[in-house]
Amino acid sequence: MATKFIIIAGLAVFFVVLSGLPFYTAWKDDGDERDAVDGRCRGCGYDLTGNASGICPECGATIEAIA
Ligand SMILES: [Zn+2]
């Protein structure tokens with residue numbers, strides 16, 4: 001009886017962790033994209049695709065990591 005409860009509790013914890021992981025990685029990826037990957041300004045989110053000056057035309061922030 002007690003052993004059965006421990007197995008069920010262990011499975012419950014396992015599934016909670018498993019179901020939480022995609023949300024955590026999605027949130028983490030989203031944060032990384034906002035920083036540099038999708039080419040948007042860190043300060044205001046302005047689309048800096050094709051920007052060559054290294055300065056955001058919207059807010060004047062210096063761009064460090066535009067691919
Ligand atoms: Zn900006």
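Here are a few short exercises on this predicted model, each with a worked solution.

**Exercise 1.** Work out how many helices and strands the chain has, and what share of its residues count as buried.

*Solution.* Start with the secondary structure: you should find one helix and zero strands. Next, turn to burial. The chain has 67 residues, and 4% of them count as buried. Finally, look at contacts between residues at least 6 apart in sequence: 8% of these join residues at least 24 apart.

**Exercise 2.** Place proline 57 in the chain, then decide: is it buried or exposed?

*Solution.* First, find α1, which spans 2-37; proline 57 sits in the segment after it. Then count C-beta neighbours inside 10 Å, which gives 11 for proline 57. The cut-off for exposed is 12 or fewer, so proline 57 counts as exposed. Last, check a partner ten residues away along the chain: the C-alpha atoms of proline 57 and aspartate 47 are 9.8 Å apart.

**Exercise 3.** Do the same for serine 53: where is it found, and is it buried or exposed?

*Solution.* Serine 53 belongs to the segment after α1. Its count is 8 C-beta neighbours inside 10 Å, so serine 53 goes down as exposed. For the spacing step, take isoleucine 63, ten residues from serine 53 in sequence; C-alpha to C-alpha, the two are 8.7 Å apart.

Terms used. Residues are numbered from 1 along each chain as its sequence is written. This is a predicted model: local features need pLDDT of at least 70, side-chain atom pairs count only at pLDDT 80 or more; totals for chains, interfaces and linings use all residues. Helices (H or I, at least four residues) and strands (E, at least two) are DSSP runs, numbered from the N terminus. A residue is buried if 20 or more other C-beta atoms lie within 10 Å of its own, exposed if 12 or fewer, and partly exposed in between; C-beta atoms are placed from the backbone. Two residues are in contact if their C-beta atoms, placed from the backbone, lie within 7 Å.
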